[in-house]
Amino acid sequence: MREVLAQAAFQLFLERGFERTTVDDIVARAGVGRRSFFRYFPSKEDAVFPDHERCLAEMTEFLAAADDSDPVGAVSDAARIVLRMYAANPEFSVQRYRLTREVPGLRTYELSVVRRYEQTLAGHLRSRFGEDGDGALRAEVVAASVVAAHNNGLRLWLRSGGEGDPEVAVDHALALVREVWGRPAASAAPAAPAVTEVSAAPAVPFAVSDGGGGDGEVVVMVARKGTPMWRVVQQIEAAVGEN
């Protein structure tokens with residue numbers, strides 16, 4: 001029934017648009033009552049992402065069984081569970097990606113789902129690195145890096161229309177994460193810069209163009225001097241990734 005409802009909902013979203021489709025329309029197409037819909041999906045948005053709860057549960061189970069020898073490798077492998085979920089149905093995944101680009105509410109919902117994955121990975125890493133101080137910080141940073149790397153490769157594949165093997169780009173991105181963060185904490189993390197209290201810290205601008213291959217759009221970001229480079233890269237990636 002969950003599959004039937006999700007399929008009916010998505011067909012209507014493509015035919016009529018997300019905003020113009022109601023729950024009554026969905027249950028009428030599926031041939032069931034409203035109570036059946038809400039038994040499986042709290043909202044229309046949930047019907048667009050019917051597989052994420054199962055995927056999150058699978059990720060949690062995978063991490064619970066992982067050993068302690070390579071925590072960064074474990075969370076990288078856990079991220080591939082999400083990739084395989086998308087790759088199992090390329091047509092649906094590409095259509096959903098395009099739909100989320102058109103509907104701001106779905107984009108917001110998707111970001112909340114991504115955050116839940118990130119929190120799951122960070123929770124596993126905190127159990128290995130420590131719940132406080134630098135251990136907790138390292139866990140959050142590594143989890144964010146894994147999610148960013150995974151999503152970068154996944155979106156390249158989705159933007160291509162689902163052509164080729166999505167694992168190639170994702171594996172390349174995750175390999176970079178493991179290269180940077182897979183070393184022991186003492187050698188992987190650079191020394192923290194000294195913090196000086198100033199009343200008006202100078203701001204440093206960063207500009208990123210499309211390299212001449214697109215419409216010439218330039219993204220400009222302003223950051224305070226001393227902002228960690230990983231944060232700068234994360235914010236630039238987020239801005240460029242919206243295009």
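The following exercises, with worked solutions, concern the cavity and the nonpolar core of a predicted model.

Residues are numbered from 1 along each chain as its sequence is written. In this predicted model, local features need pLDDT of at least 70 and side-chain atom pairs count only at pLDDT 80 or more, whereas totals for chains, interfaces and linings use all residues.

**Exercise 1.** Determine which residues lie nearest the centre of the largest cavity, and which helix gives the most to its lining.

*Solution.*
1. A cavity is a set of points on a 1 Å grid over the protein atoms alone where a 1.4 Å probe fits but cannot get out; lining residues have an atom within 4 Å of a point.
2. The lining comprises 22 residues, and Tyr86, Val114, His150, Asn151 and Leu154 lie nearest the centre.
3. Helix 9 (helices being DSSP runs of H or I with at least four residues, numbered from the N terminus) gives the most, with seven residues.

**Exercise 2.** Establish whether Asn151 is buried or exposed, and identify a polar contact of its side chain.

*Solution.*
1. Asn151 belongs to helix 9.
2. Its relative accessible area is 12%, so Asn151 is buried (under 20%, against over 50% for exposed and partly exposed in between; 1.4 Å probe, protein chains only).
3. The side chain of Asn151 makes a polar contact with that of His150 at 3.0 Å (a pair of N or O atoms within 3.5 Å, one able to donate a hydrogen and the other to accept it; residues adjacent in sequence count only if both atoms are side-chain atoms).

**Exercise 3.** State which residues Phe37 contacts, leaving aside neighbours within four places in sequence.

*Solution.*
1. Contact means heavy atoms within 4.5 Å.
2. Phe37 is in contact with Leu5, Val23, Ile26, Val27, Ser43, Lys44 and Ala47.

Notes:
Side-chain values use heavy atoms; hydrogens and water are left out. On a 1 Å grid over the protein atoms alone, a cavity is a set of points where a 1.4 Å probe fits but cannot get out, and a pocket is an open set with protein on both sides within 12 Å along at least five of seven lines; lining residues have an atom within 4 Å of a point. Helices (H or I, at least four residues) and strands (E, at least two) are DSSP runs, numbered from the N terminus.
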